[in-house]
Amino acid sequence: MALQSRFQSSLSRPLTVRQCPVHPQLRHVVAVRSSSQQTQAAATSSSQPDANDIPPGCSRYSISIKKPLGLVLEQNKSSGIITVAEISPEGGAARTGLVAVGDQLIATSGVTYRTEEEYGEVKVKKGQKVVRVNAIGQSFKTVSAAIGSHPGHMEVTLEFQRCGQ
């Protein structure tokens, strides 16, 4: 529930939405949020800043692509920050035209199931729900598991941050 409320509060911030030039078989609507938009929203709000605040000089964007993602992520051992290490030229991430080496992963979607029933010797998961998993402060194993939890037909939503443009 805490993840859901954090996700909903992040949606209340101003977003600029645009259609991206991508492969015709992919449908992508990408949200781009800059630090100036976030600062303007914070100026009108009396609440304390949260962990999803955008640092000055940074911008955030999200993509939704199917697996395989076509990128390599790595985690810095000292800071724990997960960044893009490589991008496959033919992968889904490259087709968006947005992802760059060095971009920091902020969050990913993950799939959870509420119940599981057994039919003979087969277990069937039910109650599928997509959740937002904050990548900041999480182990690489946890973030990888969230990305891997998506069935092949379902898009993975990845939120990135790029600083110092």
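The paragraphs below lead through a predicted model of a single chain, from its confidence and overall layout to its core, its disulfide and a few individual residues.

It is sensible to begin with how far the model can be trusted. The mean pLDDT of the chain is 75, and 68% of its residues reach 70 or more. Over residues 1-50, however, pLDDT stays under 50, although the model still has 67 contacts beyond four places in sequence for this stretch. Where pLDDT is low, the predicted coordinates should not be read in detail. The details that follow are therefore taken from residues with a pLDDT of at least 70, while totals for the chain use all residues.

With that caution in place, the layout can be described. The secondary structure comes to four helices and eight strands, and from the N terminus on these elements follow one another in the order α-β-β-α-β-β-β-α-β-β-α-β. Of the 165 residues of the chain, 35% count as buried. Among contacts with a separation of 6 or more, 59% are accounted for by residues 24 or more positions apart.

The strands can be followed through their pairings. β4 and β5 run antiparallel and are joined by five bridges, one of the bridged pairs being Q75 with I82 in β5. The hairpin that these two strands make has six residues between the strands, and within the hairpin G80 takes a positive phi near 80°. Further along the chain, strand β6 (residues 104-119) and strand β7 (residues 122-134) form a second pair: β6 and β7 are antiparallel over 12 bridges, with E118 standing opposite K123 in β7. Here the hairpin has two residues between its strands, and G120 in the turn has a positive phi of about 70°. Y119 also belongs to β6; leaving aside neighbours within four places in sequence, Y119 is in contact with V124 and K126. Because its relative accessibility is 47%, Y119 counts as partly exposed.

Strand β6 also pairs with β8, again in the antiparallel sense, over four bridges. One of the positions that can be picked out in this pairing is T108, whose bridge partner in β8 is L158.

L158 leads on to the interior, since L158 is among the residues with the most contacts inside the largest nonpolar core, together with I63, V99, L105 and F160; this core has 18 residues. Several elements contribute to the core, for β3, β4 (71-75), β5 (82-87), α4 (140-148) and β8 each supply at least two of its residues. F160 gives an idea of how these parts come together: beyond four places in sequence, F160 touches S59, R60, Y61, I63, L71, V84, V99, D103, Q104, L105 and I106.

Strands β3 and β8 are also connected covalently. A search of the whole structure finds one disulfide, which is formed by C58 and C163, with their sulfur atoms 1.9 Å apart. The pair links distant parts of the chain, because C58 lies in strand β3 (residues 58-65) and C163 in strand β8 (residues 156-163), 105 residues apart. With 105° about the S-S bond, the link is right-handed. The two cysteines differ in their surroundings: C58 counts as buried because its relative accessibility is 6%, whereas C163, at 43% relative accessibility, counts as partly exposed.

A last region to consider is the loop between α4 and β8, where H150 is found. Is H150 buried or exposed? At 2% relative accessibility it falls under the 20% cut-off, so H150 counts as buried. The side chain of H150 makes a polar contact with the side chain of S109, at 2.8 Å. Outside its neighbours within four places in sequence, H150 is in contact with K67, S109, G110, V111, E155 and V156. Of these residues, K67 deserves a further look, since the peptide bond from K67 to P68 is cis, with omega near 0°. P68 itself is placed in the loop between β3 and β4.

Technical notes. Residues numbered from 1 in each chain as written. Heavy atoms only, no water. Disulfide = S-S within 2.5 Å. Buried < 20%, exposed > 50% of the residue type's maximum accessible area, 1.4 Å probe, protein only. Core = buried A, V, L, I, M, F, W, Y, C linked by side-chain atoms within 4.5 Å. Contact = heavy atoms within 4.5 Å. Pairing = 2+ DSSP bridges. Polar contact = N/O pair within 3.5 Å; in protein donor to acceptor, adjacent residues only side chain to side chain. pLDDT = per-residue confidence, 0-100.
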